[in-house]
Amino acid sequence: MSFLTDAELALGLSRHLSVYQMGPERAALEQLEFAGWVFDVAFRLQGSTTSSADRVKAIGLDVGLGPRNLRDVIETMETLGWITTVRDVDRQLVSITESIPAAGDLIMAAPKLFRVLMVGPVEFAALTLLRTTTLQPLLEQDALQTAATADGVKGHDEEADAALRHLTHTGLVRRVIADDGREVLYNPNVWTQGDDSVTKAALKAADARATVEITALLEEIALNPGMPETHVQSTEAKWVDFAVSQNLVQRSVIQTSEDAERGFLFTPHIRRDPFGGTAGDASGHVRQLVGSMVYAATFAKYKLHSPGEFLRALINRGVAGNTSNVGTDYPMLEKAGVVKVVDGYQSGRYRLQLLQPEVAQDALQMLNAREGTGTERADAAALRAQRSYRHVEQERARLALTSDVDKIEEARLIAALREVPVNRMMGGGK
């Protein structure tokens, strides 16, 4: 599975495009934007069983959909078999009952949705360009060649050019001209080092004929954040060193008080949203904690069976562990102020005390994605796709502080969002 699925890209793209006025570039990506609306509504309805028309309308408004667009979304979801509707004699919506696939399956349903919507070559090219330039900075000719040979695009060079134009216009791809006249493309929301640094990295990779090697490495690490450097299978060690030297890959070194040392690899995508919503891991503390957990599971004398479960216990209880190597394996985390080593339950054993819960929460999300396989990876993708979703409670708070919202409409929207689905009220919820 790709490190960024089509469903994630469509959902993020739809939210990103919503801040732009309708124009040629936004209109050209209309079907992808619509696909994002479908996913957005589906994620919010999933598991609700039966919802009234008012609740569905409130969800639509929360997504940013007026009556006409919401109607089209509902009809599309009906076509896909995700919902059934009940209507009155005037064909007005009364309620819907959902049978929306599980989160991971929903993510994997993007090709079916795209077929229903008849997504065209320009939009498929846009997805490919967005994914590849998010993964790494690329020479324009390389990025366009990849887009022109992608499924749904093959042979449509002009469509790939048009897709690039739309993405640059909406700020999702940046084009930089190097001193030698070559042009480099990259996603500025992920590759934040500055034009000069990013451009030089892309040119050096191209000149070293390492673009393919770096692509494979970045894909492997993006799907396995915090992987031990010695476990890389996609390329040779020299290209790992090259990628680190160009800031295309980040290496977190774990040292113990017994002089053991291991390197763990991350991409710059950590906690950075391709659509500009997050700021990354500037302190490196999240990487350090993930690397330490992977070290404990891979190289420690007493190995962790599940780093995710250990970290969850640390978050919930504030302390975790009871082994001798806890006293030797975490000096760097202690120095960073993330944890403190305290005495264990027996002499010669030690526990970790958590000092930065927010770092641990971010690290746990990464470990959950890393430890999953198959459907679990798809579920992790589903969680990533929803990261910009505003929880109902947050939306209520926002509305409460918005003075220019009509009070009657505000009360109606809040009441609809609070509505408990019928089947759950009757004790028949999932």
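What share of the 430 residues in the protein is buried? In this predicted model, buried residues make up 51% of the 430 residues, and the secondary structure comes to 21 helices and 12 strands. Of the contacts in the protein with a separation of 6 or more, 64% are accounted for by residues 24 or more positions apart.

The packing of helix H1 (residues 6-17) was examined against two other helices, H3 and H8. Two packed helices are described by the angle between their axes and the distance between the axes. For H1 and helix H3 (residues 30-45), the axes come within 7 Å and cross at roughly 105°, which makes H1 roughly perpendicular to H3, since angles of 65 to 115 degrees are classed in this way. On the H1 side the contact is formed by Ala7, Ala10, Leu11, Leu13, Ser14, Arg15 and Leu17, which meet Leu32, Glu33, Ala35, Gly36, Trp37, Phe39, Asp40, Phe43 and Arg44 in H3. By residue type, the contact of H1 with H3 divides into 10 nonpolar, two polar and four charged residues.

The axes of H1 and helix H8 (residues 121-135) lie 11 Å apart, and the two helices pack at an angle of about 95°; H1 and H8 are therefore roughly perpendicular to each other. In this pairing Asp6, Leu9 and Ala10 in H1 meet Leu127, Leu130 and Arg131 in H8, and the residues involved comprise four nonpolar, no polar and two charged. Ala10 is listed in the contact of H1 with H3 and also in the contact of H1 with H8.

Helix H8 also contains Leu129, which is buried, with a relative accessible area of 0%. Apart from neighbours within four places in sequence, Leu129 is in contact with Ala143, Leu144, Ala147, Ala160, Ala163, Leu164 and Leu167. Among these partners, Ala143, Leu144 and Ala147 belong to the buried residues of helix H9 (residues 140-148), together with Glu140 and Ala148. The buried residues of H9 cover an arc of only 130° around the axis, which puts them on the same side of the helix. An α-helix has 3.6 residues a turn, so residues three or four places apart point the same way. The buried residues of H9 pack against H8, strand E4 (138-139), helix H10 (157-169), strand E5 (174-177) and strand E6 (183-186), while the face turned away from this buried side carries the exposed residues Gln141 and Gln145. Between Leu129 and Gln145, which are 16 residues apart in sequence, the C-alpha to C-alpha distance is 9.7 Å.

A further buried position is found in helix H14 (residues 285-298), where Gln288 lies; at 13% relative accessibility, Gln288 counts as buried. A polar atom of the Gln288 side chain lies 3.4 Å from the backbone oxygen of Val253. With neighbours within four places in sequence set aside, the contacts of Gln288 are with Ser252, Val253, Ile254, Met332 and Leu333.

Two loop residues other than glycine were examined for their backbone geometry. Thr49, in the loop between H3 and strand E1 (50-52), has a positive phi near 65° and is buried, with a relative accessible area of 8%. Arg91, in the loop between strand E2 (83-87) and strand E3 (93-98), likewise has a positive phi near 65°, but Arg91 counts as exposed, at 59% relative accessibility.

Key: Residues numbered from 1 in each chain as written. Predicted model: local features only at pLDDT ≥ 70, side-chain atom pairs only at ≥ 80, totals over all residues. Heavy atoms only, no water. Axes fitted to C-alpha atoms, helices over the stretch in contact; angles between N-to-C directions. Helix = DSSP H or I, 4+ residues; strand = E, 2+ residues; numbered from the N terminus. Parallel < 35°, antiparallel > 145°, perpendicular 65-115°, else oblique. Contact = heavy atoms within 4.5 Å. Nonpolar A, V, L, I, M, F, W, Y, C, P; charged D, E, K, R; others polar. Buried < 20%, exposed > 50% of the residue type's maximum accessible area, 1.4 Å probe, protein only. Arc of directions from axis to C-beta. Polar contact = N/O pair within 3.5 Å; in protein donor to acceptor, adjacent residues only side chain to side chain.
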